[in-house]
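This report looks at how parts of a structure pack together and at what surrounds its ligand. The sequence and the structure are shown below.

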Amino acid sequence: MEHQLDWSSDGEFTLDGVSYLSTSFLTQETHAAQSPGQMFLIKARSQVEHYVAMIEAIQPKFILELGIYQGGSTALLAQLAQPEKLVAIELEDSCRPLDEFITTHSLEGVIVPNYGVNQSDVVALDTIVQREFDGHPIDLIIDDASHLLAETKASFNRLFPRLRPGGLYMIEDWAWSVNPWGMPLPTRLQGTSPLSSFITELVFAAACLPGCIAEITIDVDKAIVRRGTRNMNPAVFDVSAHFDPMSRQMVDALSQFVTPTA
Ligand SMILES: C[S@@+](CC[C@H](N)C(=O)[O-])C[C@H]1O[C@@H](n2cnc3c(N)ncnc32)[C@H](O)[C@@H]1O
């Protein structure tokens, strides 16, 4: 299905009657621009356009999203993909705009938000995936949650094996420590290990675990890992468990780095 987003500016569009405010960064001013009833999305226009193209290309019907903030990305995914099941996981305890979107669009049971869940809580992830997907492989997983190294890796190890062969695992904003946007580093990311070292691990894993990772595509906004056909047990899968000694030393060295504190 082809979707026409009607952009009134680079930061605002409508899709099938739903209005979105789309912003690259969260600042004090960004929410002030939000109109009542408008869905809020932390994505630049180019990222939104990538979502449209990606959904069009892979037509995912079973989707898992980590980190939803005000639920704009979840609503957009639901409108674009018209999934059978879209499961969202969010650390905060509630997301009223998304709950209202679900009710307004009669999407109860299709969009299933799970609030108060840490993406690194692998027991919770197992329970949610089992309950909501019931053994059905997932087509698309998007991690736009903590952007922290250990948490991102924990989710990846547990969830990547749950993708169907050819399914996509997208890690957003991996480059925050490189800071291509020239933004001040948020306090919560100061003194932490850069997520970029995990992207390096994934690159090594593409060679060390043939058949698990079919392809990695990287740009400044995201890394997308396409699952290969090899069987992986989610309970024990560790993307870096089978590195050769030198690759092991290289990624261990990278994971020693921490970002400066102000
Ligand atoms: C960048 S925002 C998500 C933006 C949203 N995907 C969008 O495009 O509008 C990150 C979200 O992840 C949540 N988050 C942060 N750490 C998390 C964690 N460890 N587990 C789950 N969610 C987390 C935050 O509460 C926040 O709502």
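## Packing of H5 and H6

In this predicted model, helices H5 and H6 are oblique to each other, because an angle of about 40° between them is neither under 35 degrees nor in the range of 65 to 115 that counts as roughly perpendicular. The axes of H5 and H6 lie 10 Å apart, and H5 passes H6 in a right-handed crossing.

On the side of H5, the contact is made by Val122, Leu125 and Asp126, while H6 contributes Ala154, Ser155, Arg158 and Leu159. Sorted by class, the residues of this contact comprise 4 nonpolar, 1 polar and 2 charged.

## Surroundings of H6

Helix H6, which spans residues 149-159, is mostly covered, with 8 of its 11 residues buried. These buried residues are Leu149, Glu151, Thr152, Lys153, Ser155, Phe156, Arg158 and Leu159, and among them Ser155, Arg158 and Leu159 also take part in the contact with H5.

Besides helix H5 (122-133), the buried residues of H6 pack against helix H7 (196-208) and against three strands, namely S5 (62-66), S8 (138-143) and S9 (163-172).

## The ligand shell

Around the ligand there are 20 residues, of which Gly67, Ser73, Leu91, Gln119 and Ser146 come nearest. Helix H3 (72-81) and strand S6 (85-90) each supply at least two residues of this shell, and by class the shell consists of 8 nonpolar, 7 polar and 5 charged residues.

Methods
Residues are numbered from 1 along each chain as its sequence is written. This is a predicted model: local features need pLDDT of at least 70, side-chain atom pairs count only at pLDDT 80 or more; totals for chains, interfaces and linings use all residues. A residue is buried if 20 or more other C-beta atoms lie within 10 Å of its own, exposed if 12 or fewer, and partly exposed in between; C-beta atoms are placed from the backbone. Helices (H or I, at least four residues) and strands (E, at least two) are DSSP runs, numbered from the N terminus. Two residues are in contact if their C-beta atoms, placed from the backbone, lie within 7 Å. Axes are lines fitted to C-alpha atoms, for helices over the stretch in contact, and angles run from 0 to 180 degrees between N-to-C directions. Angles under 35 degrees count as roughly parallel, over 145 as roughly antiparallel, 65 to 115 as roughly perpendicular and the rest as oblique. A crossing is left-handed if the near helix is turned anticlockwise from the far one by less than a right angle, and right-handed if clockwise. Ala, Val, Leu, Ile, Met, Phe, Trp, Tyr, Cys and Pro count as nonpolar, Asp, Glu, Lys and Arg as charged, and the others, Gly among them, as polar. A residue is near a molecule or strand if its C-beta atom, placed from the backbone, lies within 6 Å of it.
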